[in-house]
Every structure is written in C-alpha cells, then in structure tokens.
Amino acid sequence: EPVHAAQKTYTIGTDVTFAPFEFADKNNKYVGIDIDLMNAVAKTEGFKVDIKPLGFNAAVQALEAGQIDGVIAGMSITPERQQKFFMSSPYYQSGVVMAVAKGSKIQSLSGLRGKKVAVKTGTASADYANSVKKKYGFSVVTFDDSNNVYDNVKTNNAQACFEDKPVMQYAIATSYKGSLELAKNFKMASANNYGIAVKSSEANTLGKKINAGIKKLKANGQYDEIVAKYLGNGS
Ligand code: GLN
C-alpha cells in the first residue's frame, strides 16, 4: 500500500449513557473507557473511527442490519452474539447486579414478588430478569437508556433494577449517590466479559485489527491508563 493512502473510516455504534464506558461530559463531548479504547485501537492500527451514540439496542440492531461496522458499548460476549457477529477478545469483566432505592426493604430476589423490575432493552440484564421473573414472581419493565432505568427505581415506579456491576457501582458513587444502593443479599449473576462487536463480513479486516490493537494496548500499559483515567488506580 502507498504510504499516503487515506485511512479507512469505520462507523462504530455506542450506547447513550453507560458511564464509565460512554457518556457525554459537561461539554456534551462523548468520553469514557470505550471511547478512549476505540480511539486508541484505531490510532495504533491505522484506521479512523466515527463513533455514534445510538443507544445500546439500536446500535446492536444497526450492526445486525449491516448499517454500521461495529459496536463498542460495554457489550457482553455471549454465544448468541458470537453467532451473529465477530466478537473481539475480552477487555473488561462484568456481570449483573441488583440495585434498589436506598434504604429499601427489598434486598434480595425473594423480596421482588409482585414488584416491578426495570431493565434496559436488549441487554444481559434484561435476559437475566426474564430468566428468573417467573420463579420470583415479578414483572419486567424495559427502557432504552440506563438513566431511565435508574430514575424509575429512584421514583419507585419500579422497585429494583438489574444492571452491569461496574456501571451500577459507578452510578451509585456519582449521579445516584444517596438515592440508589446495591441490593445487599444479591450475588452477582451472569458473569461475562465485554468485547467489541464487528460485522461478520469485516471479521478478517476490522476484527483482526481490533484484536491486535487490544493486545498491544494491554501490553504497553495504555489500556490500564485508560481504565485508571475513569476509575482511578487499583480498579
Ligand atoms: N453488558 C450488557 C450487554 O451487553 C449491557 C450493555 C449496555 O447496556 N451497554 O447486554
């Protein structure tokens, strides 16, 4: 390839609000672990990215329809998704936790009988909720954005929510401090790893570059720097 060949631009979908992975800062600029990681991978591997905050489910749908090239959105690697997409190597450990309004009497699954549980459409948390709702006798209400999920618990429209552990912990430590808390008698469920999803037809191009980039950034310390920037050291 000629040295001055223009770099290819890939369109990557992301979530709207999923701090510390992606969120709009006070200047309305998208920041977060996923945004920095995607930009660093692109820089290292010599391609350009146009990152679009479409919302989680919308981004996954757009990828499935072939309208975008990839998704970085704290997206859990699952066998179903590996059938549909190329999923990169794992970059962050996660799992599902339960949160309630601070001081709630409900602190475990068994307290949910007859109650409403909020989750985000198309997520591992929604799958988890649907898998146990019969057994514990609760109904599931869905929203497209994590903040709507939390706000519904805060205002008692729903009595609990399920969400990814690092994201729920971050929300409870920041914007929802004093209003939400982790359910004390709930053990993390559906342990999983986040990966970057790529359109199957781009597996050998974009997919390979992404895995090579993740590997380099983990080896040279840049990955740890990105995580520390949002979560501090020792996270
Ligand atoms: N990790 C969860 C999933 O992949 C949620 C992702 C998200 O809400 N951005 O389903």
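This is a short tour of one protein and its ligand, stop by stop, for you to follow in your viewer. Keep in mind that you are looking at a predicted model.

**Stop 1: the two domains**

Begin by colouring the protein by domain. Domain 1 covers 9-91 + 195-231, and domain 2 covers 95-191, according to the domain assignment. Taken over C-alpha atoms, the centres of domain 1 and domain 2 are 25 Å apart. Where they touch, domain 1 supplies 12 residues and domain 2 supplies 13 residues. On the side of domain 1 that touches domain 2, you will find seven nonpolar and five polar residues, but no charged ones.

**Stop 2: the ligand**

Now select the ligand and show what is around it. Which domains give residues to the shell around the ligand? Both domain 1 and domain 2 do, so the ligand lies between them. To see the shell, select Asp15, Phe18, Phe56, Ala73, Gly74, Met75, Ser76, Ser94, Lys120, Thr123, Ala124 and Asp164. Try colouring these residues by class: five are nonpolar, four are polar and three are charged.

**Stop 3: helix H1 against helix H8**

Hide the ligand and select residues 33-45, which form helix H1, together with residues 222-231, which form helix H8. Two packed helices are described by the angle between their axes and the distance between the axes. For H1 and H8, the angle is about 155° and the axes are 9 Å apart. An angle over 145 degrees counts as roughly antiparallel, and H1 and H8 are therefore roughly antiparallel to each other. Turn the view and you can follow H1 as it passes H8 in a right-handed crossing. Show side chains next: H1 makes the contact through Ile33, Asp36, Leu37 and Ala40, while H8 uses Gln222, Ile226, Val227, Lys229 and Tyr230. Six residues of this contact are nonpolar, one is polar and two are charged.

**Stop 4: helix H1 against helix H7**

Keep H1 on screen and add helix H7, residues 203-219. How are H1 and H7 placed relative to each other? Their angle is about 100°, with the axes 9 Å apart, and H1 and H7 are therefore roughly perpendicular to each other. From H1, select Ala40, Val41, Thr44 and Glu45; they meet Lys209, Ile210, Ala212, Gly213, Ile214, Lys216 and Leu217 in H7. The contact of H1 with H7 has six nonpolar, two polar and three charged residues.

**Stop 5: two backbone details**

Finally, zoom in on the backbone. Most residues other than glycine have a negative phi, and most peptide bonds are trans. Select alanine 19 and proline 20, which are joined by a cis peptide bond with omega of about 5°. Proline 20 sits in the loop that runs between strand E1 (9-14) and strand E2 (23-24). Then move to asparagine 28, in the loop between E2 and strand E3 (30-31). Asparagine 28 is not a glycine, yet its phi is positive, near 65°.

Methods:
Residues are numbered from 1 along each chain as its sequence is written. This is a predicted model: local features need pLDDT of at least 70, side-chain atom pairs count only at pLDDT 80 or more; totals for chains, interfaces and linings use all residues. A residue is near a molecule or strand if its C-beta atom, placed from the backbone, lies within 6 Å of it. Ala, Val, Leu, Ile, Met, Phe, Trp, Tyr, Cys and Pro count as nonpolar, Asp, Glu, Lys and Arg as charged, and the others, Gly among them, as polar. Domain bounds come from an automatic or database domain assignment. Axes are lines fitted to C-alpha atoms, for helices over the stretch in contact, and angles run from 0 to 180 degrees between N-to-C directions. Helices (H or I, at least four residues) and strands (E, at least two) are DSSP runs, numbered from the N terminus. Angles under 35 degrees count as roughly parallel, over 145 as roughly antiparallel, 65 to 115 as roughly perpendicular and the rest as oblique. A crossing is left-handed if the near helix is turned anticlockwise from the far one by less than a right angle, and right-handed if clockwise. Two residues are in contact if their C-beta atoms, placed from the backbone, lie within 7 Å.
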